[in-house]
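Trainee: I'm new to this one. Could you show me how to read it?

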Amino acid sequence: MAYLIDRRLQGKNKSAINRERFLRRYKGQIKEAVARAVKGRSITDIESGEKVSIPVKDIGEPGFGHARGGVWETINPGNKEYQKGDRVARPKGGGGGSGKGKGGNSEEITEDDFIFELSREEFMNYFFDDLELPNMVKTQLTASTEFRNQRAGYKMSGNASNIHILRSLRGALGRRIAVGGKSTRRLREAEKELDVLLLVESEDHPRVQALKREIHHLRAKLYAIPFIDPFDLRYSNRIKVPKPSSQAVMFCLLDVSGSMDQAKKDMAKRFFILLYLFLTRAYEKIDVVFIRHHTQAAEVDENDFFNSRESGGTVVSSALNLLTKVMQERYPSSDWNVYVAQASDGDNWDNDSVTCRELLINTIMPAVQYFAYIEITEGEPQNLWEEYTQVPDCHPHFAMQKIESPADIYPVFRELFKKQQSTS
Amino acid sequence: MKPISKPAKKPLRKKASKPGRLPEQSEWTFELIEQAHGEIRRVAESFGLDTYPNQLEIITAEQMMDAYASVGMPVSYHHWSFGKHFLSTEKSYKRGQMGLAYEIVINSNPCIAYLMEENSLTMQALVIAHAAYGHNSFFKGNYLFRAWTDAEAIIDYMVFAKKFIADCELRHGVDAVELLLDSCHALQNYGVDRYKRPPKLSLTEERERQKERADYLQSQVNDLWRTLPRREEEVADDSPQRFPPEPQENLLYFIEKYAPLLEPWQREIVRIVRKISQYFYPQRQTQVMNEGWATFWHYTILNRLYDEGVVGNGFMMEFLQSHTNVVYQPPITSKYYSGINPYALGFAMMRDIRRICEAPTDEDRTWFPDIAGSDWQKTLDFAMRNFKDESFIAQYLSPKLIRDFHFFAVLDDDKEEKLSISAIHDESGYRYIRQRLADQYNMGNREPNIQVWSVDSHGNRALTLQHTQFQRRPLNQQAEEVLKHVTRLWGFDVILQTVDPEGQVLETLECKSDKQHRKM
């Protein structure tokens, strides 16, 4: 007796727990890989899975075994040339395999790294891990909340304004043909027969009379088929699909003066990424503009933005001026939602900070949706910080934060996310 | 060796559709699989194959990878290493670097064989013949499987193990269980009784005894370490008593019974790993035979079906193509060479035994006087039942096969500057090669011989393991890592001595127990 069982629908993803155990065990390495990836990736490309590689020696499962050395005598197939007693040089690197023990005896690890793919969700989880986001925000970032109506075929019921005329009439025509087909055919036959008959017979021949009655009856029957029936009606179907609402532009302002080292820039990058992620949830199209500055400001591409290093002093207002200029030229606030993220270590020319505050309060803040400033420093706040603290009084959509570790980044956005939560 | 091919042209057979004829199509359906299975069973029975009842299960590629990762068992406990295997299989499968095995078969009663949904009808028939009749009859007949594994109970035991370990994770934390399993896995090849026959597993008994055992074991252990003054007096006059009285080869068993600090649940987990390891031990010892036997039977059964007209030419072409791939042995000079292909060697030997029975040459009569010309089915059946790889090769490898494979022996002695060819396929080399090849499959030589040597039961409780060197082969570098795992299980210092066959200590590795880690 044999059984044939279809197991295909059972036990899908049985290895999920084992996978999770594996990720859990190598959390440290994976986090490093994610951090590396974040460094290497473009801000706009943050949301995809990632290939993670872990050195094979770290994940090995040890076991007792023989190493090379001592005496190995092995039997091999495919002898072509050797005679008993021949002496052969040892193959280099064990490549030829001759004279070496079978697989598993060799201690060289041929594979460099154990590589596997993190899914998007897993990658984002590791990314968020450091930032200490509250759970609410995480779910929000991984699920979109706005909807848009979209056509999705036809359905049998709906409201009158959605009637699809072409489909409905096509249906009606089809129904009429289907229901009346037999009668129409018979009608044609009867008419033909009557014509033929009338050539030879007179009007009052009983057969002629009978045919005329039948024709009359058939016509009546065909007229009784309704031209259109509620059954024929088709309505356009519309469904809601998740949709980011419109377009936004995100300005990244970064101080690249000599005092900003790589660690600070990495921190700033996290900050920009987080804002970008938030924006991708809310907007369909996002432009990112990178402005870096020392004593002068310039608009650059992302690569230059993070990777080049200038020296010299800092004039923050140069960046703010450029921001204003770009905004006015290319991103009028009637069409664009403007978000600004600024990162700096707080150094500025003394008298420039006042200018910055005035620029912000009078020109920039009225035109933007949100402005977030982080100061990456371990020391005392400097004059720029002092001046900026006055901005939130006039414009509540200004956020600022002093940052020492990645965990400090999220609070900057707390207000922003809170607002989003209440509207969604 | 020669590729397997159909015997010379057959007379054209009538194509009239016989009732049992399988259609020429590659899509399978449940009806067709049942039909194919019916035919295969009929032929298998006519050859006298004795099997457990079959349970064929259709699974997806992903499920196949699952099964791969959890050593082929349908149920298994959770561990990160299975996740790792799954990831690496998945990676190479997705990149197209490897195809999945066509089949996995489980030594259980009923015998479970997996059929992958991607396979064509031909491949399903091949798998049924190979796994459900070939492997299945081997599991039921071979003496190692009969003595060491219990097909009736294994699935139940795995269910028990999974549940027990999941309970432990809840009670003692995932980390504690994971550490313990890591350590046990490091020793799993040393959790086997090579010569002593283990008692049969039984689920009910296992459950009943588990609780009892837990308490009992603890008291046993305490007894071992008791240091009452009266007792000391007794042994004081004598030279220190040895413990264990004789060296122990089963490290996990020794740890389960005697490790001083393990808690009952930890002992139970050690036992689970040991039991599973024991269950798979016969498979590691009979790879060549098992695959050879299954390959021989799928080849024989499907050819018979072709002769009967049940399957057509298209079926046969597809079957032969994958069959030839499976039994291909690349020569040592090939870049695809990675040791001897057990399918190739096993299949060739099974076929060769049949040839010796049916058409012996004079050479065969000299070498195999007792089987030359005998009934091939009986002879093969006897060979399948009573041997393992090592003895099977020593008994049945014929000079003809040595010539066909162009076998030669290479001696690699690290004291010599060059390798030397110690034998080739000639009159003086046949016996030598046969013996060396058999040795190559001797598990005792493949793995380092490491045994429990002594426990310092009156002093610091250190455990001494002894590695008896074979052919001066050193231990691999992982040994130190493994030793840490032993120390974790044992709870006190562990010493690994490497000795030469005369008992001279050559090298000593020591792993100190970290006091903090004593309580796992």
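Mentor: Let's go through a strand, a helix and the contact between two chains, keeping in mind that this is a predicted model.

Trainee: Where do I start with chain B, and how many helices and strands does it have?

Mentor: Chain B has 21 helices and nine strands. Buried residues account for 42% of its 520 residues. Take the contacts in chain B between residues at least 6 apart in sequence: 73% of them join residues at least 24 apart.

Trainee: Now a strand. Which residues of E2(B) are buried on each side?

Mentor: The general idea is that side chains in a regular strand alternate between the two faces of the sheet. In strand E2 (residues 103-106) of chain B, Glu103(B) and Val105(B) are buried on one side, and Ile104(B) and Ile106(B) are buried on the other. A hairpin of four residues leads from E2(B) to E3(B). These two strands run antiparallel, joined by four bridges, and Glu103(B) has Leu115(B) as its bridge partner.

Trainee: And a helix: how many residues of H7(A) are buried?

Mentor: Just one of its 18 residues, so to speak, leaving H7(A) hardly covered. Helix H7 (residues 206-223) of chain A reaches 26 Å from first C-alpha to last, close to the 26 Å expected.

Trainee: How many residues does each chain bring to the contact?

Mentor: Chain A brings 57 residues and chain B brings 76. On chain A's side, the elements giving two or more residues include helix H1 (16-25) and strand E3 (71-76). That side divides into 21 nonpolar, 18 polar and 18 charged residues. E3(A) also pairs across the chains: six bridges join it, antiparallel, to strand E4 (residues 408-413) of chain B, with Thr74(A) opposite Val410(B).

Notes:
Residues numbered from 1 in each chain as written. Chains lettered and ligands numbered in written order. Predicted model: local features only at pLDDT ≥ 70, side-chain atom pairs only at ≥ 80, totals over all residues. Expected span 1.5 Å × (residues − 1). Buried ≥ 20, exposed ≤ 12 C-beta atoms within 10 Å, placed from the backbone. Contact = placed C-beta atoms within 7 Å. Pairing = 2+ DSSP bridges. Nonpolar A, V, L, I, M, F, W, Y, C, P; charged D, E, K, R; others polar.
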